[in-house]
Amino acid sequence: MKNTDPYDQNAGSWTGTDPFSTGPSGHETDPFEPDIPNQWVNKGHELVKKGSYKDAINCYNEALKLNPNLPRAWCSKGYALIKLKKYKESHACLDEALRINPRHVSCWTIKGWAFNCQNKHKDALVYLDRAIELDPHYVDAWYQKHLALNDLSNCNKIV
């Protein structure tokens, strides 16, 4: 089964909210200021959109050097690591983001997606259920939960 990226616009689970949007201060015409952590995060998001995950991770690392308590940077770094199939490192980043902000719904969802990618669907459900508990309208969490339950159901069928 293909474990669909919760932020892939072509995957069918897209909610219309871009988790990698740079926001009002992230326009290309704004000057880049390397001493502002969120500018590094925004730059990383632009690289993620282009599929340059290693370069994005470098940007997130720069943001974290400036502010190690930035859950947005930890979560985004975890996401990029999943795309590189570096799950152990990803889980560490996502755990750090959740330690800093235990209400970070997209981070709970991304962690669930990471477990889905590893075919650890029961583990995925723990994180996805928490995301849904925090925000029952978060479509990506419900979609990932559907994928996990579908895979578990297929695993339990007698052939």
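# Briefing: Cys75 and the helices around H5

Leaving aside residues up to four places away in sequence, Cys75 is in contact with Leu94, Ala97, His104, Cys107 and Ile110. Please keep in mind that this is a predicted model. The protein has seven helices and zero strands, and 46% of its 159 residues are buried. Let's start with Cys75 and then move on to the packing of H5.

**The overall picture**

- Read from the N terminus, the order of elements is α-α-α-α-α-α-α.
- If we take the contacts in the protein with a separation of 6 or more, 54% of them join residues 24 or more positions apart.

**Cys75 and Cys107**

- Cys75 belongs to helix H3, which covers residues 71-83.
- With a relative accessibility of 4%, Cys75 counts as buried.
- Cys107 is one of the residues that Cys75 touches, so you may wonder why the structure holds zero disulfides.
- The closest cysteine sulfur to that of Cys75 is in Cys107, and because the two are 3.5 Å apart, they are too far from each other for a bond. The cut-off for a disulfide is a pair of cysteine sulfur atoms within 2.5 Å.
- Seen from the other side, Cys107 is in no disulfide either, and its nearest cysteine sulfur is that of Cys75, 3.5 Å away.
- Cys107 is buried as well, with a relative accessible area of 0%.

**Ser90 in H4**

- Ser90 sits in helix H4, made up of residues 87-100.
- Is Ser90 buried or exposed? Its relative accessibility is 0%, so Ser90 counts as buried.
- Not counting residues up to four places away in sequence, Ser90 touches Gly78, Leu81 and Ile82.
- Ser90 and Cys75 are 15 residues apart along the chain, and 8.5 Å separates their C-alpha atoms.

**H5 against H6**

- H5 packs with helix H6 (residues 121-134) at an angle of about 165°, and the two axes are 8 Å apart.
- At that angle, which is over the cut-off of 145 degrees, H5 is therefore roughly antiparallel to H6.
- The two helices make a left-handed crossing.
- On the H5 side, the contact is made by Val105, Trp108, Thr109, Lys111, Gly112, Phe115 and Asn116.
- On the H6 side, the residues are His121, Asp123, Ala124, Tyr127, Leu128, Arg130, Ala131 and Leu134.
- By type, the residues in this contact of H5 with H6 are eight nonpolar, four polar and three charged.

**H5 against H7**

- H5 (residues 105-117) also meets helix H7 (residues 139-155), with axes that come within 10 Å and cross at roughly 20°.
- How do H5 and H7 lie relative to each other? Because their angle is under 35 degrees, they are roughly parallel.
- H5 passes H7 in a left-handed crossing.
- H5 brings Thr109, Trp113 and Asn116 to this contact, while H7 brings Asp140, Ala141, Gln144, Leu147 and Ala148.
- The residues of the contact of H5 with H7 split into four nonpolar, three polar and one charged.
- Thr109 and Asn116 appear in the contact with H7, and both are also listed in the contact with H6.

Notes. Residues numbered from 1 in each chain as written. Predicted model: local features only at pLDDT ≥ 70, side-chain atom pairs only at ≥ 80, totals over all residues. Heavy atoms only, no water. Axes fitted to C-alpha atoms, helices over the stretch in contact; angles between N-to-C directions. Helix = DSSP H or I, 4+ residues; strand = E, 2+ residues; numbered from the N terminus. Parallel < 35°, antiparallel > 145°, perpendicular 65-115°, else oblique. Left-handed = near helix turned anticlockwise from the far one by under 90°. Contact = heavy atoms within 4.5 Å. Nonpolar A, V, L, I, M, F, W, Y, C, P; charged D, E, K, R; others polar. Buried < 20%, exposed > 50% of the residue type's maximum accessible area, 1.4 Å probe, protein only.
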